[in-house]
Amino acid sequence: MKETGGTARAAASGANHALRVTETLAAFVQQPVEPAQAPVARTRTVPRQTVLRRPPPGLGPLSAWSTEVVLPVGGTFASPARGSLRADAVFALPGAPVPMLFLEVDNGTETRAEVADKLHRYATFFARTEKNAFTVGGRERPLWRTVWTAPADAGHPPVAIVFTKQMGPEAMDAGMRGIAELSSPVW
């Protein structure tokens, strides 16, 4: 189960959520623009272009990301129990400044309670331990560590929520505070 998820499905066909997940991954990766060669020889002088602003360092490479990753709150990775969730994307690159990150992309189609419920289900998934637990220093190993590597001193990986719906700063702040309040028991 080292390789879970896949490429964002239906992004090419225009499925709104898959497209937003793909755009979010592009923003996280921040790939440098590759210089293109002119297809034909220049016959006239081209005006000087302004220097492009260098993007911030990204969280990549793209190959470190997986999409639509099953996170079973019960059952197995291959056969998850009802109520399990799928992370929109998971970043996993041991040794990176942020070695793991779970990502949820919200298009504004879910209520605050639904988004907070996902955070509760993440907490349930992170709390699961291996069946017939392998112990390390007398402690059971979390199930998520059977798939991903993370520093031993880390609790569980962070979950980032990316809001893609256009809204004003007050509405955004109210939405984030509402989700934070509803999900505070799992912090």
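How many bridges join β2 to β3, and do the strands run parallel or antiparallel? Four bridges join them, and the two strands run antiparallel. The model is a predicted one. The protein holds three helices and six strands, and from the N terminus on its elements follow the order α-β-β-β-α-β-β-β-α. Of its 187 residues, 29% are buried.

**Sheet**

- An open sheet is formed by four strands in the order β1-β2-β3-β6, with mixed pairing.
- The edges are taken by β1 (65-71) and β6 (159-163), each of which has a single partner strand, so one side of each is left without a neighbour in the sheet.
- From one strand to the next, the twist averages 35°.
- β1 and β2 (residues 85-92) run antiparallel and are joined by six bridges.
- Two of the residue pairs between β1 and β2 can be named: tryptophan 65 has phenylalanine 91 as its bridge partner in β2, and leucine 71 has leucine 85.
- On the other side of the pairing, alanine 92 has methionine 100 of β3 as its bridge partner.
- Six of the eight residues of β2 are buried, so β2 is largely enclosed by the rest of the structure.
- In a regular strand, side chains alternate between the two faces of the sheet.

**Helix across the sheet**

- Helix α1 (residues 16-29) lies across β1, β2, β3 (100-106) and β6.
- The direction of α1 is at about 140° to that of β3.

**Nonpolar cores**

- The largest nonpolar core has 19 residues, of which Leu71, Phe102, Tyr122, Phe125 and Trp148 touch the most other members.
- At least two residues of this core come from each of β1, β2, β3 and α2 (112-127).
- The element that gives the most to this core is α2, with five residues.
- Leaving aside its neighbours within four places in sequence, leucine 71 is in contact with Ser84, Leu85, Ala87, Phe102, Tyr122, Phe125 and Trp148.
- Another core, of 13 residues, lies apart from the largest one, and its members include Ala64, Phe91, Leu103 and Ala160.
- Leucine 85 thus appears twice around leucine 71, as its bridge partner in β2 and among its contacts.

**Helix α3**

- Helix α3 (residues 169-183) has 15 residues and spans 21 Å from its first C-alpha to its last, close to the 21 Å expected at 1.5 Å a residue.
- Its buried residues are Met172, Gly175, Gly178, Ile179 and Ser183.
- Seen down the axis of α3, these buried residues fall within an arc of 130°, so they line one face of the helix.
- An α-helix has 3.6 residues a turn, so residues three or four places apart point the same way.
- The exposed residues Pro169, Glu170, Arg177 and Glu181 are carried on the face of α3 turned away from its buried side.
- The buried residues of α3 pack against α2 and β6; α2 also contributes to the largest core, while β6 is an edge strand of the sheet.

**Contacts along the chain**

- Among contacts in the protein with a separation of 6 or more, 61% are between residues 24 or more positions apart.

Notes: Residues are numbered from 1 along each chain as its sequence is written. This is a predicted model: local features need pLDDT of at least 70, side-chain atom pairs count only at pLDDT 80 or more; totals for chains, interfaces and linings use all residues. Side-chain values use heavy atoms; hydrogens and water are left out. Two strands pair if DSSP finds at least two bridges between them. Axes are lines fitted to C-alpha atoms, for helices over the stretch in contact, and angles run from 0 to 180 degrees between N-to-C directions. Contact means heavy atoms within 4.5 Å. A nonpolar core is a set of buried Ala, Val, Leu, Ile, Met, Phe, Trp, Tyr and Cys residues joined through side-chain atoms within 4.5 Å. Buried means under 20% relative accessible area, exposed over 50%, partly exposed in between (1.4 Å probe, protein chains only). The expected span of a helix is 1.5 Å times one less than its number of residues. The arc is that of the directions from the helix axis to the C-beta atoms.
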